[in-house]
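This report considers a single chain and one of its helices. The sequence and the structure follow.

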Amino acid sequence: MHAPPARSGLGAFPAFVFLQGSLYAAYGMVSPFLPSFLGDRGLDASEIGIVLAGGTLMRLVAGPVAGRIADRLDATRAVLAAGSAAAGLLAFATLLGHGFPALLVLGLAQALALAALAPLADALPLAAMER
């Protein structure tokens, strides 16, 4: 007869810490360099401001919508995974972008994908506590 594996008592806590740490480390690494990157891709100061402001507006609108979709479908992890995958792919696509129209579209699309990541990552530990 085998004894059951010992539980650390931490549960999913290390995974949540890793998720939150990765998420905010990525934001923190990109944010200081994004205006310079956009400038190197041919945008002037006003266009950089429009791209960044457009992304903020997109996140303000899309975040609650994505949260509602995740709640309605009871698919928090799936929506979080889809948003993460889409944001990663769009980040690579942004490396190929040049000029205002392309970078505006890519920036808005990436903001749409990123919008729900932080709130859904915050919701996962709360849902785990209810179980």
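In this predicted model, the exposed residues on the other side of helix α4 are Arg77, Leu89, Phe92 and Leu96. By contrast, Thr76, Val79, Leu80, Gly83, Ala87, Leu90 and Thr94 are the buried residues of α4. These buried residues line one face of the helix, because they fall within an arc of 100° when α4 is viewed down its axis. An α-helix has 3.6 residues a turn, so residues three or four places apart point the same way.

Helix α4 comprises 21 residues, from 76 to 96. From the first C-alpha of α4 to the last, the helix reaches 31 Å, close to the 30 Å expected at 1.5 Å a residue.

The chain as a whole holds six helices and zero strands. Read from the N terminus, its elements follow the order α-α-α-α-α-α. The radius of gyration of the chain is 18 Å, whereas a compact globule of 131 residues would have a value near 14 Å. The C-alpha trace spans about 70 × 30 × 20 Å along its principal axes.

The following table lists percentages computed for the chain.

| Quantity | Value |
|---|---|
| Residues that count as buried, of the 131 residues of the chain | 27% |
| Contacts joining residues at least 24 apart, among contacts between residues at least 6 apart in sequence | 73% |
| Share of the exposed area supplied by carbon and sulfur atoms | 72% |

The area that the chain exposes amounts to about 8700 Å².

Key:
Residues are numbered from 1 along each chain as its sequence is written. This is a predicted model: local features need pLDDT of at least 70, side-chain atom pairs count only at pLDDT 80 or more; totals for chains, interfaces and linings use all residues. Side-chain values use heavy atoms; hydrogens and water are left out. Helices (H or I, at least four residues) and strands (E, at least two) are DSSP runs, numbered from the N terminus. The expected span of a helix is 1.5 Å times one less than its number of residues. Buried means under 20% relative accessible area, exposed over 50%, partly exposed in between (1.4 Å probe, protein chains only). The arc is that of the directions from the helix axis to the C-beta atoms. The radius of gyration is taken over C-alpha atoms; the globule rule is 2.2 Å times the number of residues to the power 0.38. Contact means heavy atoms within 4.5 Å. Accessible areas come from the Shrake-Rupley method with a 1.4 Å probe; for residues, only the protein chains shown count as cover.
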